[in-house]
Amino acid sequence: MSEFVVSARKYRPQTFDTVVGQKSITSTLRNAIKNDHLAQAFLFCGSRGVGKTSTARILAKTINCFNRTENIEACDKCESCESFNSGASLNVYELDGASNNSVEEIRNLIDKVRVAPQLGTHKIYIIDEVHMLSSSAFNAFLKTLEEPPQACYFYLSDHGKAQNHPYNIVSMPDI
Ligand SMILES: Nc1ncnc2c1ncn2[C@@H]1O[C@H](COP(=O)(O)OP(=O)(O)OP(=O)(O)O)[C@@H](O)[C@H]1O
Ligand SMILES: [Mg+2]
Ligand SMILES: [Zn+2]
């Protein structure tokens, strides 16, 4: 097998510091981790390719890192970081709202929320294209916000389509 890695993965920023042009967002997120004031749900909105997925993944990894650096970056070496890097983490679920948008699929996912995190402190759900979820699927998701706060939800969406949802909005303007 060749070592070919698609460019979006190869060049995807791996730390808050390497996310370009979104300093106010990354420092807000770092401060929230530092002060232990993390909201339970975040909505990342912004146009295509500004770093929503990248930032959500960095946040997920950093929240669960056992040995964060002084300026709140993931250590990249601990057990949690390694399982995240190898894509084997059972704490981070990524779901594409465009193709898994039925209420059954969301219920499936919600069932996993009730199981405590396997490693680290939080379970993290990254829902891409959240505006594509059916309204019953979305309502099912809203209910999980009543669950114990060891789960964190990041919703990613295009500008405009997601502005009406009542979350901590992390808006990523065009670079
Ligand atoms: N702020 C940024 N700093 C550094 N690289 C970036 C940034 N934004 C995007 N990139 C580059 O573009 C690629 C795609 O970024 P990402 O998937 O995070 O964007 P997105 O906002 O989720 O886009 P989409 O709306 O298409 O899902 C990354 O792999 C990275 O190489
Ligand atoms: Mg994305
Ligand atoms: Zn770590």
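**Strand pairing, core and ligand shell in a predicted model**

Strand β1 and strand β4, which spans residues 151–157, run parallel and are joined by five bridges. The model in which this pairing is seen is a predicted one. Within the pairing, F44 has L156 of β4 as its bridge partner. Strand β1 covers residues 41–46, and five of its six residues are buried, so that the strand is mostly covered.

The protein as a whole contains six helices and five strands. Read from the N terminus, the order of these elements is α-α-β-α-α-β-α-β-α-β-β. Of the 175 residues in the protein, 33% are buried. Among contacts with a separation of 6 or more, 80% are between residues 24 or more positions apart.

The largest nonpolar core consists of 34 residues. Inside this core, the residues with the most contacts are F44, I124, I126, F154, Y155 and L156. Two of these names, F44 and L156, also form the bridge pair described above. At least two residues of the core are supplied by each of α2 (23–34), β1, α3, α4 (79–85), β3 (123–128), α6 (135–144) and β4. Strand β4 provides the largest share of the core, with six residues.

Helix α3, residues 52–64, also takes part in the surroundings of the ligand: three residues of the shell around ligand 1 come from this helix, the largest share. The shell holds 16 residues in total, and the closest to ligand 1 are R12, G51, K52, T53 and S54. By residue type, the shell comprises six nonpolar, seven polar and three charged residues.

The length of α3 was checked against its number of residues. For 13 residues, at 1.5 Å a residue, a span of 18 Å is expected, and the C-alpha atoms at the two ends of α3 are 19 Å apart, which agrees. The helix is largely enclosed by the rest of the structure, because 11 of its 13 residues are buried. The buried residues of α3 are K52, S54, T55, A56, I58, L59, A60, K61, T62, I63 and N64. Two of the names in that list, K52 and S54, also appear among the residues closest to ligand 1.

Residue A137 lies in helix α6. A137 has 21 C-beta neighbours inside 10 Å and therefore counts as buried, since the cut-off for a buried residue is 20 or more. When neighbours within four places in sequence are left aside, the contacts of A137 are with N101, S102, V103 and I106. One of these, N101, is 36 residues from A137 in sequence, yet the two C-alpha atoms are 6.6 Å apart in space.

Two residues in loops have a backbone angle that calls for comment. Most residues other than glycine have a negative phi. D76 is not a glycine, but its phi is positive, at about 75°. This residue, D76, is placed in the loop between α3 and α4. With 15 C-beta neighbours inside 10 Å, D76 counts as partly exposed. E129, likewise not a glycine, has a positive phi of about 50°. The position of E129 is in the loop between β3 and α6. E129 has 19 C-beta neighbours inside 10 Å and so counts as partly exposed, because a buried residue needs 20 or more.

Definitions and conventions. Residues numbered from 1 in each chain as written. Chains lettered and ligands numbered in written order. Predicted model: local features only at pLDDT ≥ 70, side-chain atom pairs only at ≥ 80, totals over all residues. Buried ≥ 20, exposed ≤ 12 C-beta atoms within 10 Å, placed from the backbone. Helix = DSSP H or I, 4+ residues; strand = E, 2+ residues; numbered from the N terminus. Pairing = 2+ DSSP bridges. Near = placed C-beta within 6 Å. Nonpolar A, V, L, I, M, F, W, Y, C, P; charged D, E, K, R; others polar. Core = buried A, V, L, I, M, F, W, Y, C linked by C-beta atoms within 7 Å. Contact = placed C-beta atoms within 7 Å. Expected span 1.5 Å × (residues − 1).
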